[in-house]
Amino acid sequence: MKTHEVKAYGTEAANAPLHSLNINRRELQPHDVEMDILYCGICHSDLHQIKNDFGGAMYPLVPGHEIVGRVSKVGDHVTKFKVGDLAAVGCIVDSCGKCEYCEDDLEQFCDEGVTFSFNSPDKYLGGATYGGFSETYVCNEKYVLHVPETLDLASAAPLLCAGITVYSPLKHWQAGPGKKVGILGIGGLGHLAIKIAKAMGAHVVVFTTSPSKVKDAKRLGADEAVLSTDPDQMKKYVRKMHLILDTVSAKHDVNTYLHLLKPDGSVVLVGLPPEPLEVSAFSVVSGRHSFSGSNIGGIAETQEMLDFCAKHNITADIELINIQQVNEAFSRLQKGDVHYRFVIDMASLKK
Ligand SMILES: [Zn+2]
Ligand SMILES: [Zn+2]
């Protein structure tokens, strides 16, 4: 298959710094859209992948899966997009399209496994897919999202992964009016979860270990913010919560939060702690509690989330950086030193 070279930023080995390199993008297929990338968010899973925390990293590795851009070319059979349209790509860029899950718009559960936007086997060119730390992206239009014109494009980028990661479970577990929804942790995921759960009409209670974040939780729209290290504050929430969205990616005690649930309530994990978490029997058998998890969402739901965020004017709180600062950004992200998402201005790649 014909390809052309574009500029990108990536790395050749785990724990080696990212640097400028060239990658190949495929020539447009009849259903492909090519976009010039304007902004790309930096997600915690980019950090995990460049460090090969989950194993199986394919080098050179070009991360980035919160991609917002403008369509520069369309294939002959493309119907959803025209040149000049705003467009976005998130985590999923291909799936089988035929299994029961793909047919139900649940591509994230595809029987054959999805192709992720980076570090995933590339069905067209072999090797790995290259992510959004690059000049352009080429993708079948089925997996490309429309970005509402009213959204600020840089701060909308994190919606493509962080946004859908929290929107999907909040919707599935019916966050809404009359529901007390807990958000555990305020980071890239948690701060968007507060805004989205609030816009869905839920009563939002944030649980944080950091006193400085109590104030920030309220600014982000939380109805209540609780210092989870204070047993007296925590006691007041026992049997009060319908749902707790757990965004914490480090080891923590989920039993504490299972005890805050009303009967039939759920703690839903969307963070990715590296070690197994212990769940005691009584945390779940008492009150018919569930401990569950959720990971991203399908393409149709991602579009629904973008439209919902446009309607409620929700975007991420970001720090906009140039691509040349990306290594510093990753080391700050590792320390949790970001409020609350880094987004790269991809125009800096041309420098
Ligand atoms: Zn992500
Ligand atoms: Zn499928």
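**Exercise 1.** Determine which strands helix α4 lies across.

*Solution.* Helix α4 (residues 162-172) lies across β10, β13 and β14, contact meaning heavy atoms within 4.5 Å. The helix runs at about 160 degrees to β13; axes are lines fitted to C-alpha atoms, for helices over the stretch in contact, with angles from 0 to 180 degrees between N-to-C directions. Helices (H or I, at least four residues) and strands (E, at least two) are DSSP runs, numbered from the N terminus.

The model is predicted: local features need pLDDT of at least 70, side-chain atom pairs count only at pLDDT 80 or more, and totals for chains, interfaces and linings use all residues. Residues are numbered from 1 along each chain as its sequence is written, and side-chain values use heavy atoms, without hydrogens and water.

**Exercise 2.** Place β13 in its sheet.

*Solution.* Begin with the pairings, for which DSSP must find at least two bridges between two strands.

1. Strand β10 (residues 180-184) is joined to β13 by 4 bridges, in parallel, and Val181 stands opposite Leu243 in β13.
2. Another 5 parallel bridges join β13 to β14 (residues 261-269), where Val267 is the bridge partner of Ile244.
3. The open, parallel sheet has 6 strands in the order β12-β11-β10-β13-β14-β15.
4. Because β12 (224-227) and β15 (290-293) each have a single partner strand, one side of each lacks a neighbour in the sheet.

Finally, consider burial, defined as under 20% relative accessible area (exposed over 50%, partly exposed in between; 1.4 Å probe, protein chains only). In β13 (residues 241-246), 5 of the 6 residues are buried.

Notes: Chains lettered and ligands numbered in written order.
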